[in-house]
Amino acid sequence: MESLIERVKAILFTPQAEWLVIAREPDDTAALYTRYVAVLALIPALAGFIGASVIGGYRSILSGLIGAAVGYLLTFAAVFIVALITDALAPTFGAQKNFPNALKLTVYSYTPAWLAGIFLLIPGLSFLTVIGLYGFYLLWLGLPPLMQAPRDKTLPYAGAIVLCALIIAILIGAVQFTMFGRAR
């Protein structure tokens, strides 16, 4: 847990240096998912459940629990798909294809969004999840060391990735809406 906290602090407060550290780390997909994604993705899932079902009363407890579980699981798929897209787009922007690095880039760039998920705990503060957009900046900084992207192409490359991630998020939202309907 201590290494998780240290990594979160480093990626948020000293991202340029941390991306260089991350680029040198061995590729361990299982560890990324079990020690990082699994823990941090719980924040918005649990906070959203508590905010909508317990505090706000917008959803029933059962619907809220199932929705939180489905959303949590879909987060794993979203991270993987965004990493695939990041890797696939690499040659278009003069970067090197490297799926393990694309996965690291994606996982750590999602950090602010997962942390900002705490604001879902209090429905009136959910607008503060916009803080998660800091992940775009992290992604932009991480493209050169992880994907060997040329500096002059990092902004359009990051923009393309974010656009794809946004489309995936909308699709996931549509799936959840189809499964659980509107909050009451």
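This is a short selection tour of a predicted model.

**Stop 1: helix H9**

Select residues 154–180 to display helix H9. Begin at Thr 154, which belongs to this helix. Is Thr 154 buried or exposed? Its relative accessibility is 0%, so Thr 154 counts as buried. Now show side chains. Thr 154 and Trp 140 are joined by a side-chain polar contact of 2.9 Å. Add Leu 143, Pro 144 and Ala 149: beyond the residues within four places in sequence, Thr 154 is in contact with these three and with Trp 140.

Stay in helix H9 and move to Ile 161. Ile 161 is buried because its relative accessibility is 2%, under the 20% cut-off. Which residues should be selected around Ile 161, leaving aside neighbours within four places in sequence? Pick Val 82, Thr 86, Leu 89, Leu 139 and Leu 143, which are in contact with Ile 161. For a distance check, draw a line from Ile 161 to Ala 38: C-alpha to C-alpha, they are 22 Å apart, with a sequence separation of 123 residues.

**Stop 2: aromatic rings**

The model holds 9 aromatic pairs. One of them is Tyr 137 with Trp 140, a tilted pair with centres 5.8 Å apart and 35° between the planes. Both residues sit in helix H8 (residues 134–147), 3 residues apart, so about one helical turn separates them. Colour by accessibility next. Tyr 137 is partly exposed, at 36%. Trp 140 is also partly exposed, at 28%.

**Stop 3: a ring cluster**

Select Trp 19, Tyr 36 and Tyr 108, a cluster linked by ring pairs. Then add Arg 7. Arg 7 lies over the face of Tyr 108, 4.9 Å from the ring centre.

Terms used
Residues are numbered from 1 along each chain as its sequence is written. This is a predicted model: local features need pLDDT of at least 70, side-chain atom pairs count only at pLDDT 80 or more; totals for chains, interfaces and linings use all residues. Side-chain values use heavy atoms; hydrogens and water are left out. Helices (H or I, at least four residues) and strands (E, at least two) are DSSP runs, numbered from the N terminus. Buried means under 20% relative accessible area, exposed over 50%, partly exposed in between (1.4 Å probe, protein chains only). A polar contact is a pair of N or O atoms within 3.5 Å; within protein, one must be able to donate a hydrogen and the other to accept it, and residues adjacent in sequence count only if both atoms are side-chain atoms. Contact means heavy atoms within 4.5 Å. Rings of Phe, Tyr and Trp (its six-membered ring) pair if their centres lie within 6.5 Å; planes under 30 degrees apart count as stacked, over 60 as edge-to-face and the rest as tilted. A charge sits over a ring if NZ of Lys or CZ of Arg is within 6 Å of the ring centre and within 35 degrees of the ring normal.
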